[in-house]
Amino acid sequence: MYEQEAVRKAYWVDGKSEREIARELGFSRNTVSRLLKTQAGEKRQYQLKQAKPKPTLGQYEHWIAEILAADEQAPRKQRHTARRIYERLKTELGYTGSERGIRGLVAQLKKKQPEVFLAKFRYHFSNSTVGALELIFFD
């Protein structure tokens, strides 16, 4: 994070070239170029171009997703754990893969995006000395 700020400041504020920044800060020119292309504060993470094949687990993924979807309505203590899903896969469907693969898939499927609320603030001045604050929430 600090490196990105230093590179952006040297380029945009100080007017230095990418090559000069790379020499001063000890980065490669490719790194300096990449840091300048990203937005301020954005962390770049490696992304696969294609999803990795799942030869053992792929055919059971839909079944596991259905179980987890049904578990959302169930009481917390009655939901399936990754171990229980693994045991059911072994006994009911003859799964031959590892439990670790099931744990990874269950964690991935359970991960959700946090719900975000947007609020709009308005401040009104009236004849009195105290203003009024109005909150409007959007869907």
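**Aromatic close-ups in a predicted model**

**View 1. Y95 is a buried tyrosine, with a relative accessible area of 7%.** The model shown here is predicted. Y86 is buried too, since its relative accessible area is 14%, and the cut-off for buried is under 20%.

**View 2. Y11 and W12 form an edge-to-face pair.** Aromatic pairs in this model come to a count of 3. For Y11 and W12, the ring centres lie 4.9 Å apart and the planes stand at 90 degrees, so the pair is edge-to-face. How exposed are the two partners? Y11 is partly exposed at 28% relative accessibility, whereas W12 is exposed, at a relative accessible area of 59%.

**View 3. Y86 and Y95 also meet edge-to-face.** Here the centres are 6.2 Å apart and the planes are again at 90 degrees, so this pair earns the edge-to-face label. Which residues do ring pairs link into a cluster? Y60, Y86 and Y95 make up that cluster.

**View 4. The whole protein chain puts these close-ups in context, with 6 helices and 2 strands.** Follow the sequence and you will meet the pattern α-α-α-α-α-α-β-β. Of the 139 residues in the protein chain, 22% are buried. The protein chain exposes about 11800 Å², and carbon and sulfur atoms supply 51% of that area. Take the contacts between residues at least 6 apart in sequence: 42% of them join residues at least 24 apart.

Notes:
Residues numbered from 1 in each chain as written. Predicted model: local features only at pLDDT ≥ 70, side-chain atom pairs only at ≥ 80, totals over all residues. Heavy atoms only, no water. Helix = DSSP H or I, 4+ residues; strand = E, 2+ residues; numbered from the N terminus. Buried < 20%, exposed > 50% of the residue type's maximum accessible area, 1.4 Å probe, protein only. Contact = heavy atoms within 4.5 Å. Areas by Shrake-Rupley, 256 points an atom, 1.4 Å probe, with all protein chains shown as cover. Phe/Tyr/Trp six-rings, centres within 6.5 Å; stacked < 30°, edge-to-face > 60°.
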